[in-house]
Amino acid sequence: MKTLVRNKDIILSDVKNFILSETLDCGQAFRWSETEDGAFEGVAFGKYLKLAATEDGIILYDTTEEDFLNIWKDYFDLDRDYGEIIGIISENEVLKTASGFAGGIRILRQDPWEALCSFIISQNNNIPRIKSIVERLCATFGEEVKEGFYSFPSAERIAALTLEDLAPLRSGFRAKYILDGAKRVANGEIDLNALKTLGLDEARQELMRIYGVGEKVADCTLLFGLSHIDAFPKDVWIKKAMAKLFDGALPECAAPYAGIAQQYIFHYARMTKLEI
């Protein structure tokens, strides 16, 4: 990958295995939207960003080199060699085919609290409604970082609220889960950053101490917010796809990269309309 600073933009050229639509619109994050001109815009780590794929490469508009190095390079997981991972898991023919359908997906390294809270909201929910609840949460309790765009409120901010305060979000039964998670994170009972260095099983058990957090929400948080790429979130749909494609067990070659493989499997099954 080559990086060029031009005026106030950062241009990334020779970026492999990075397609914006596959990465930002695959259900791993809920704060990005596509604009009429085919770009994407959203907020992460309290910063607004608009970016687009062009003939010159991927352009990050109106951002600084400092923000690219300190936020966006890590957020988009640009130091990871996805081509190498695809080569390893392609030892299995099904995964080789699946990665060919979604080789542009990268696992976003999101703020851990945002990932946890967002996937608590995602329970028994669809993506448009998840996005609506998250946006109401940010607009009501976050800080405006650009007109119409808001930061994700901290755990401390949410922990100071009541269920009545959260009622306008229209998040239903999830409100009490949000509040419990915020309080446990804010008071240090759950140290999210410390979970990055724990083993997968131990980190999962820590997250499941939060009221309403089961294995799927915990694994989504670990994969998308805590850099555990060996986490493999399972919902009913992915379990059926796994049973259809692999008799339920992920091939051994993919175990260290289970979360990345999961995204390829999910995308492949969706794009091919796999009968499950």
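Hi everyone, let me start with a pair of helices: α4, residues 93–101, packs with α13, residues 258–271, at an angle of about 75 degrees, and their axes are 8 Å apart. Please keep in mind that this is a predicted model. Angles from 65 to 115 degrees count as roughly perpendicular, so α4 and α13 fall into that group.

Which residues meet there? On the α4 side we have L95, T97, A98, S99 and F101. On the α13 side they meet A261, Y264, I265, H267, Y268 and M271. Sorted by class, the contact between α4 and α13 holds eight nonpolar residues, three polar ones and no charged ones.

Now over to the sheet. Six strands make up an open sheet, and if you walk across it the order is β1-β2-β6-β5-β4-β3, with antiparallel pairing. Which strands stand at the edges? They are β1, residues 2–6, and β3, residues 32–34; each has a single partner strand, so one side of each has no neighbour in the sheet. From one strand to the next, the twist averages 20 degrees.

There is a helix on this sheet too. Helix α2, residues 65–75, packs on the sheet and touches β1, β2, β3, β4, β5 and β6. The direction of α2 makes about 75 degrees with that of β5.

Let's go through the pairings, starting from the β1 edge. β1 and β2 are antiparallel and share five bridges. One residue pair to look at is T3, whose bridge partner in β2 is L12. The two strands form a hairpin with two residues between them, and in that turn N7 has a positive phi of about 55 degrees.

L12 comes up again on the next pairing, where it stands opposite I58 in β6. Here β2, residues 9–13, is joined to β6, residues 57–61, by three bridges, and the two run antiparallel. How much of β2 is buried? Four of its five residues are, so β2 is largely enclosed by the rest of the structure.

Now the β3 edge. Three bridges connect β3 with β4, again antiparallel, and W32 has G42 in β4 as its bridge partner. The hairpin of β3 and β4 has five residues between the strands, with G38 in the turn at a positive phi of about 85 degrees.

Moving inward, β4, residues 40–44, pairs with β5 in the antiparallel sense over five bridges. A44 has K47 in β5 as its bridge partner. This hairpin has two residues between its strands, and F45 takes a positive phi near 50 degrees.

I'd like to finish on β4. In a regular strand, side chains alternate between the two faces of the sheet. Which residues of β4 are on each side, and are they buried or exposed? F40, G42 and A44 are on one side, E41 and V43 are on the other, and all of them are buried. Both faces of β4 are therefore covered, given that buried means under 20% relative accessible area. Put as a count, five of the five residues of β4 are buried.

That's my tour, and thanks for listening!

Key. Residues numbered from 1 in each chain as written. Predicted model: local features only at pLDDT ≥ 70, side-chain atom pairs only at ≥ 80, totals over all residues. Heavy atoms only, no water. Pairing = 2+ DSSP bridges. Axes fitted to C-alpha atoms, helices over the stretch in contact; angles between N-to-C directions. Contact = heavy atoms within 4.5 Å. Buried < 20%, exposed > 50% of the residue type's maximum accessible area, 1.4 Å probe, protein only. Parallel < 35°, antiparallel > 145°, perpendicular 65-115°, else oblique. Nonpolar A, V, L, I, M, F, W, Y, C, P; charged D, E, K, R; others polar.
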